[in-house]
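Q: Could you take a close look at the salt bridges of this structure, and set them against the helices and the surface around them?

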Amino acid sequence: MEKPLEVTRMENNTSSCLLMERKTRVKINRKEIMLAKLRKSCSCTPQKLKNFLMDFFPVLRWLPKYRCKEYIWGDVMSGLVIGIILVPQAIAYSLLAGLKPIYSLYTSFFANIIYFLMGTSRHVSVGIFSLISLMVGQVVDRELLLAGFDLNDDAPPASGDGSLQNDNLSNTTAFNLTIAGINAECGKECYAIGIATALTFMAGVLMGIFRLGFISMYLSESVLDGFATGASLTILTAQVKYLIGIKIPRSQGHGMLVITWINIFRNISQANLCDVITSAICIVVLVTAKELGDRYKHKLKFPLPTELVVIVVATLVSHYGKLNEVYASSVSGAIPTGFIPPKVPEFNLMLRVALDALPLAIVSFVFTVSLSEMFAKKYAYTIRANQEMFAVGFCNIIPSFFHSFATSAALAKTLVKTSTGCQTQISGVISAMVVLLVLLFLAPLFYYLQKCVLACIIIVSLRGALRKFRDVPARYHVNKVDTLVWVVTMSASALISTEIGLLVGIVFSMLCIIVRTQRPRTALLGQIQDTSFYEDDSEYENLSTVPKVKIFRFEAPLYYANRNFFLKSLYRLTNLDPNLEAARRKKYEKKEKQHLKKGNHRTANGLGIGETTLQLVPKQIDFQALVVDCSSISFLDTTGVNTLKEILKDYKNLNISVLLACCNPSVIDSLKRGGYFGKDFGCMQEMLFYSIHNAVLFAKAQKLPADCSV
């Protein structure tokens, strides 16, 4: 088979042609490839089964190589510290999810165990995360409201010895109805965790089985930061009522942030003084400890367990001061010990929350993978994104059978993990053991823990996200469009809803990209003196104008959406619209013929025939060649090819050559298929150049009339 040749002209003092031989592409038989892959997938050998298991459970690869003497101390220390941090955070984040604290503890326990088995990152801490808890809580509240349950969670806590059985009895309400397949005995708490587990299962299926992680590529850094900041404002707003101890309805739907603040100011006179004082003290202590920890983190071997100390002290003060009985301060209530028997998530509930599961799955996957890649790069190892997708998916699928809700990696806990010497995910197992200890023995001790203390822990944990507001000026200085994307995403997430905010951010960022390709930068280029290089004449001083040649640069792909902008920019910068010029000439030629037929040797303008040429064109065309710099044109669609063919034809009618420079192979192939170079590509050597300078030298060598106005 004859190989295709590309003939282009390159100048080196003398005119010469350079033949560029394109590599012959081997024709791919996609059917054979698909069949081969299918046969390979369906075959089963002992070695293949072993590889599959070791790929699906990466722990089987690295655990036999574990360097116990080198790694064990760091893993144990980091595991204990994270476990101590996890307990108060799990109890606190249950407020965001609208669930009982026991379910948050279940979530923290199972997520660490499963990621230990399936994760490929050595350092990320997977478990309960404030943003994910908020998204779960919004769905739970909406479904409870639709089912007719009261969202008021400030009822007096049930008394009991903290056992699982007593708690189950106390949570069975008098709602005698069947909702979406749930048993009639199921009350508010049962229905809430049913919604949460169904949502979690669906999110896990979307990630681990349907593998929809590719959607995350459309989430830019600005969208993620704006989404996290907007959601943080929503989290902060939801906790204010606990801080000051007022009883207001939990707002649902769009505009929750505004409605909640209106209700807060309407009921501010009912603030509980005991909760206000407790909140003020806790926030001061927590913020001070965090700031000191950040300042002296290089001197501390491990972070101070401030949250745990605050919770222990606050629980003791609440218990012995009888703050619930005397001052009506809202407390956590009974937290049962042990494990509830596993239960399959309700299929009917999955159908109700399937749409909500998509943004939850995307956010969970994006945060986990981005953190995994960040720390893998920092500590010089690799992760497998596909396996991370499976790990995150199964961290949701399996725990959903054990009354747990959605999880993700969290930056704050991961930073603590690395700073305390974490080497492998053995530390996650240690953290899970600490949570297990609380689940089996210590959970009832948190009965008198005030909810305002939990709200303080949540709010202080938002410092990092809320500090993004300080970065806005620097972000604006770097890129104005990204700043606009951040502001729009943040505003939509806070003022409308988190899910709508994420969607708005993705759509708006994609629109920004489309607009930037629709109206890209265009320029006429001038020559850098005594060189063969050319740059934007409007941006740089002391550039030389090339006589009789215009060099036009278009900094975007040429496709249907920016075709008109391409033409308008070209005509404006060259100060010549070939269509208008051609129409003007035809008009005068027509008038001239009419006068000649009448035998009048003077034209319509009262001029002689010899003077007609000057009258046809008001001013002379000051160039004989147009060079189009295609270095920034990454692709052409059919409209783009037709546009170039159109300007080639239009300028040719005015005796102006159109030369293309710096085209990439994809653009050249599109032009060939579109017939730009003719049937046999015979004119290709006079139309296509590998550099602007070659095209300029060729244009100068062309023998055209000095007066190009014809």
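A: What follows goes through the salt bridges and then turns to two helices, a surface patch and the chain as a whole.

The model is a predicted one, in which local features need pLDDT of at least 70 and side-chain atom pairs count only at pLDDT 80 or more, whereas totals for chains, interfaces and linings use all residues. Residues are numbered from 1 along each chain as its sequence is written, and side-chain values use heavy atoms, with hydrogens and water left out.

A search of the whole structure returns 18 salt bridges, a salt bridge being a side-chain nitrogen of Lys or Arg within 4 Å of a carboxyl oxygen of Asp or Glu. One of them joins the side chains of Arg463 and Glu291, at 2.8 Å from N to O. This pair links distant parts of the chain, since Arg463 belongs to helix H19 (residues 463-466) and Glu291 to helix H11 (residues 273-295), 172 residues apart; helices here are DSSP runs of H or I with at least four residues, strands are runs of E with at least two, and both are numbered from the N terminus. Arg463 counts as buried because its relative accessibility is 19%, while Glu291, at 35%, is partly exposed; buried means under 20% relative accessible area, exposed means over 50%, and partly exposed lies in between (1.4 Å probe, protein chains only).

Arg521 takes part in a salt bridge with Glu539, where the closest N and O atoms are 3.6 Å apart. Glu539 sits in the loop between strand S6 (534-536) and strand S7 (543-544), and Arg521 in the loop between helix H22 (498-518) and strand S5 (522-528), so this pair ties together parts that are 18 residues apart in sequence. Arg521 is partly exposed, with a relative accessible area of 41%. Arg521 also forms a salt bridge with Glu555, again with 3.6 Å between the closest N and O atoms. That pair links distant parts of the chain, 34 residues apart, as Glu555 lies in the loop between strand S8 (548-554) and helix H23 (563-574). Glu555 counts as partly exposed because its relative accessibility is 31%.

Elsewhere, Arg142, Glu143, Arg352 and Asp356 are linked in a network of salt bridges. Helix H14 covers residues 347-378 and bends by about 60 degrees at Val353, the bend at a residue being the angle between axes fitted to the seven residues ending there and the seven starting there. H14 is followed by Ala380, with a positive phi near 60 degrees.

Helix H9 (residues 221-244) bends by about 25 degrees at Ala238, and 20 of its 24 residues are buried. Just after H9 comes Gly245, whose phi is positive at about 70 degrees.

On the surface, Phe339, Leu437, Leu440, Phe441, Leu442 and Leu445 make up a nonpolar patch with about 560 Å² of accessible area together. Such patches are made of residues with over 30% relative accessible area and no salt bridge, with nonpolar side chains (Val, Leu, Ile, Met, Phe, Trp, Tyr) joined within 5 Å and like charges within 9 Å; accessible areas come from the Shrake-Rupley method with a 1.4 Å probe, and for residues only the protein chains shown count as cover. Leu445 lies in the loop between helix H17 (426-442) and helix H18 (451-461), and Leu445 counts as exposed because its relative accessibility is 59%.

For the chain as a whole, the secondary structure comes to 28 helices and eleven strands, and 50% of the 710 residues count as buried.
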